[in-house]
Amino acid sequence: MKALVAIKRDKTFETFFTKENVSFAETLGEIVWLDTEDVTEDILKEKIKDCDVYVTCWGSPPLTPKLLECAPNLRLHTHLGSTVAPVVCNEVCEKGIRVISGFDYYSKSTAEGVVAYSLAALRKIPFFSTRLKKHKIWSEADDYTDGIIGKKVGIVGFGGVGRYIAKMLSNFDVNISAYDIAEISKQDKKFYGVEQCGIEEIFSTCDIISLNLPYNDSTYHIVDDALLSKIKQGALLVNTARGAIIDETALIKQLQKGNFNAVLDVYEKEPIDMESPLLSLDNALLLPHQAGPTVNLRAVITKALIKESADFIDGNLPLKNEISAERIKNMSKF
């Protein structure tokens, strides 16, 4: 295997390619590293010659038609992120170049984040911890906490993340409704314990609503003021997908009414505008886009995908984390 790792060697790089992973990768074949901060197309064209594998992550240069012209031996694009839509052009699939990514790892970790965020919000973990540490208040008579057990949960987008959420919640005695543009098979409904229904029904009946849709033209502002106004009193909305799935202006307006609570990990503009009204709302728990994967998993994902790449190129073994051309079309744009 000869692989071009098109990732700048900065602090983020080191969380994926730890010293151990750099050494491990170099035992599997010839690894071509980027050794400059200023990555131009001409540099990539020169480095990708004779490479079998093109390795990318967040912010990597996409595999463009012009770059492909200089890579006649390329057989595999290995993306250490989740969605490959920002780095793969149509010509990649047309030329028969296979694509793998960390999608499944990211999905599982993000689902874990959804469960963690939901528990933190319902049990008011940040509030009680801050009150105890800063204000030295042990408890008050009207303190109230909530939980997941016995709740009706709505999963909006029943792909990788949504399915992992359903599995993780199986021991919480919840009633799960799922919305997806595709028909969920009878086998999957039984296996995951879900009932498929419309998005309006989820917003009007569920106690916890988790947004897990990919971001594309069809999902932009799919959660609008009309849907937000249907949310039950005291319900919890969790968004770990993409910020632009929700009309943020409408969300702010509805949250200001105080009818429901939200956990937001993503925003229409990132980083969030520090003057955003969201920052002053007591019923909104805000996180800086870190639902998944947790940082410790980056090295795990890297080692697994680099090993998978070598096994495919040198051993002709089947790919475990392949992303088909059809799936690429439906993935988030960023």
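How many nonpolar, polar and charged residues does the lining of the second largest pocket have? The legends below answer this and then visit other parts of the structure, which is a predicted model.

**View 1. The second largest pocket, seen through its lining.** By class, this lining has 13 nonpolar, 5 polar and 3 charged residues. The second largest pocket has a volume of about 560 Å³. Its lining is made by 21 residues, and those closest to the centre of the pocket are A121, K124, F127, D282 and N283. Four elements, helix α6, helix α7 (125-135), strand β11 and strand β12, each supply at least two residues of this lining. We will meet α6, β11 and β12 again in the views that follow.

**View 2. Helix α6, from end to end.** Helix α6 covers residues 103-122. At 1.5 Å a residue, its 20 residues should span 28 Å, and the end C-alpha atoms are indeed 28 Å apart, so the expected and computed spans agree. Which residues of α6 are buried? They are Y106, S107, S109, T110, A111, G113, V114, V115, Y117, S118, A120 and L122. When you look along the helix, it helps to remember that an α-helix has 3.6 residues a turn, so residues three or four places apart point the same way. After α6 comes K124, whose phi is positive, near 55°. K124 is also one of the residues closest to the centre of the second largest pocket.

**View 3. The largest cavity, with α6 in its wall.** Searching the whole structure turns up 2 cavities of 30 Å³ or more. The largest has a volume of about 50 Å³, and its lining consists of V114, V115, S118, I148, V153, I165, L169, I208 and S210. Which element gives the largest share of this lining? That is α6, with 3 residues. Both α6 and β9 (208-211) supply at least two residues each. Sorted by class, the lining of the largest cavity has 7 nonpolar and 2 polar residues, and no charged ones. Three of the names in this lining, V114, V115 and S118, also appear among the buried residues of α6.

**View 4. The second largest cavity.** This cavity holds about 40 Å³ of space. Around it are N239, G243, I246, E248, L251, L264 and V266. These lining residues divide into 4 nonpolar, 2 polar and 1 charged. Keep N239 and L264 in mind for the next view, as both of them line this cavity.

**View 5. Strands β10, β11 and β12 side by side.** Strand β10 (residues 236-239) and strand β11 (residues 261-264) run parallel and are joined by 4 bridges. Which residue of β11 is the bridge partner of N239? The partner is L264. Between the two strands, helix α12 (residues 248-256) completes a right-handed β-α-β unit with β10 and β11. Strand β11 also pairs with strand β12 (residues 284-286), in the parallel sense and over 3 bridges. Here A262 stands opposite A284 in β12.

**View 6. N330 and D217, brought together in space.** N330 sits in the segment after α14 (325-329). Is N330 buried, partly exposed or exposed? Its relative accessibility is 42%, so N330 counts as partly exposed. N330 and D217 are 113 residues apart in sequence, yet their C-alpha atoms are 9.9 Å apart in space.

Notes: Residues numbered from 1 in each chain as written. Predicted model: local features only at pLDDT ≥ 70, side-chain atom pairs only at ≥ 80, totals over all residues. Heavy atoms only, no water. Expected span 1.5 Å × (residues − 1). Buried < 20%, exposed > 50% of the residue type's maximum accessible area, 1.4 Å probe, protein only. 1 Å grid on protein atoms, 1.4 Å probe; cavity = no way out; pocket = protein on both sides within 12 Å on 5 of 7 lines; lining within 4 Å. Points joined across faces, edges and corners; volume = space filled by probe spheres on them. Nonpolar A, V, L, I, M, F, W, Y, C, P; charged D, E, K, R; others polar. Pairing = 2+ DSSP bridges. Right-handed = clockwise from strand over helix to strand, strands pointing away.
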